[in-house]
Amino acid sequence: MSTRSRRTVSVADLAVAVVNAAVILVMIVVAEEQDAIRQDAFAYVLGVLMAAPLVVRRRWPLTVLLVVAGFLFWYFAAGYPAITPAGPLAVPLYSAVLARRTAWAIGVPALFFGIGFVMVAVIERFPALEAFAEFLPQVALLAVVILLGEVVVSRRELAAETRERLRHAEQEREREAARRVAEERVRIARELHDTVAHSMATITVQAGSALHLLKGPRAAEGGDQVLASLTAIRGAGKQALRDMRATLGILRADEREGPPEPPGLERLPALIDAVRAAGLTVTLDVAGTARPVAERVDHAAYRIVQESLTNVLRHAGPGVRAEVRVAYRPDGVELRIADDGPGPTSPNGGTDGGGHGLSGMRERAEAVGGAFSAEPGAGGGFVVDARLPDPV
C-alpha cells in the first residue's frame with residue numbers, strides 16, 4: 001500500500017473517531033438520571049477516551065472493542081447518568097465483525113445489557129416488561145450493526161471466491177490453449193514427417209537407380225531409364241513441395257479461407273503411381289463400396305498407407321512387391337499393407353529404423369479411435385494392419 005493510501009485510511013479513521021466522540025459527548029451532556037453524579041470534566045474525558053481508539057480499529061479491531069467497552073464500563077461504574085451503550089459500541093462492533101470476531105461482538109453488548117437489565121429490573125424494582133421495552137431499541141440497533149457487518153463480510157468472501165474462480169478459469173483456459181497448441185505442433189510435425197519421408201525415400205531410390213545406370217557397363221543404353229528416374233525425382237520433389245506448402249499454410253490460413261483440405265484416400269491411386277515409378281511393384285485392392293468417410297479418418301488412412309509404402313521403399317528397396325488393401329466396412333475402414341521384402345531390420349522389430357514412422361501411424365489410428373498393428377509377415381516381409389472406425 002502506498003503512503004498516500006495509508007494517509008487516506010488514517011484520515012478516514014480519524015474522522016470516524018471525531019464524529020463518534022462528538023456523538024458520545026452530546027449523549028453525556030443530555031443524559032439525566034436521578035441519584036446520578038453530575039457530569040464533570042472526567043465524564044467528558046471518558047467520553048473522548050471511548051472514541052479515541054477508533055483511529056486504529058482496522059489494525060486491532062478486537063482490542064479496540066475491549067478498550068472502548070472498558071472505558072464505557074468505567075463511565076457507568078463512576079455513577080454518571082446512563083447513556084445508551086449503542087453509541088460508543090456501534091463502530092467497534094462493526095469492525096470486530098469485519099475481522100471475524102462475531103462472538104466477541106455479540107458477547108460484549110450482551111454483557112452490558114444483561115447487567116443493565118438486572119440493575120433496572122431487580123435492584124431498582126422496575127417492571128421487567130417495561131425494562132425490556134426500554135432496552136429493546138438499543139438491542140435492535142446493535143443487532144442491525146452486527147448483521148450489517150456479517151452482510152459485508154459475506155459479500156467480500158463472495159467477491160474473493162468469484163475472483164478465485166475467475167483466476168482458476170483463466171488458468172484452465174490457458175492450459176487448454178497450451179494443450180491445443182502442443183497438439184497442433186505434433187500434428188504439423190507428423191504431417192511434415194510423412195510428406196518429407198515419403199518424398200525423400202522416392203527420390204533416394206530413383207537417384208540410386210539413375211547412378212547405377214550411369215556407372216554401369218551399359219550406361220549409353222540406359223538413357224530412357226535414367227530419364228524416367230529423373231522425371232520421377234522431379235515429380236516427387238514437386239509433390240513434396242506442394243504438400244509442405246499445404247501443411248505450413250495451415251499456420252497462415254486466413255479465417256475466411258479456412259485451412260487447406262488434407263489429402264485423403266481419393267489420392268491413393270496417385271500415391272501408388274509415384275511409388276511404382278520408384279521401382280516398387282504395388283497392387284491396390286479395394287473391398288466393399290467406396291464411400292465418403294470423416295475427414296480425420298480419411299486423412300489418417302491416407303497417411304498410414306503413405307508411411308507404410310515409404311518404409312517399404314526405404315528398407316526393402318525396389319524390386320519388392322507390396323499389396324495395399326482398403327476395405328470399406330459399415331462401421332469404418334480397414335487397411336492392410338503387406339510386402340514380401342527381407343522383413344524387419346531394426347532392433348525393435350519394425351521397419352522404421354528406430355524412427356517415428358510406426359509410432360506416427362499408431363498415433364494417427366488411435367487419434368480417431370482406431371487400432372493399429374505392425375509385425376513381420378508369416379512368410380517374410382512386413383504387415384501393417386489398421387482399423388479406423390467411421391460408423392455411417
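# Helix α3 and its aromatic neighbours

Biologist: What should the 17 residues of α3 span, at 1.5 Å a residue?

Modeller: This is a predicted model, where local features need pLDDT of at least 70 and side-chain atom pairs count only at pLDDT 80 or more, while totals for chains, interfaces and linings use all residues. Residues are numbered from 1 along each chain as its sequence is written, and side-chain values use heavy atoms, without hydrogens and water. Helices are DSSP runs of H or I, at least four residues, numbered from the N terminus. The expected span is 1.5 Å times one less than the number of residues, and the end C-alpha atoms of α3 are 24 Å apart, which agrees with the expected 24 Å.

Biologist: Which angle lies between the planes of F42 and W74?

Modeller: Rings of Phe, Tyr and Trp (its six-membered ring) pair if their centres lie within 6.5 Å; planes under 30 degrees apart are stacked, over 60 edge-to-face, the rest tilted. F42 and W74 form an edge-to-face pair, 5.4 Å centre to centre, with the planes at 65°.

Biologist: How many residues apart are F42 and W74?

Modeller: F42 sits in helix α2 (residues 41–51) and W74 in helix α3 (residues 61–77). The pair links distant parts of the chain, 32 residues apart.

Biologist: Is W74 buried, partly exposed or exposed?

Modeller: Buried means under 20% relative accessible area, exposed over 50%, partly exposed in between (1.4 Å probe, protein chains only). W74 has 44% relative accessibility, so W74 counts as partly exposed.

How values were computed
Helices (H or I, at least four residues) and strands (E, at least two) are DSSP runs, numbered from the N terminus.
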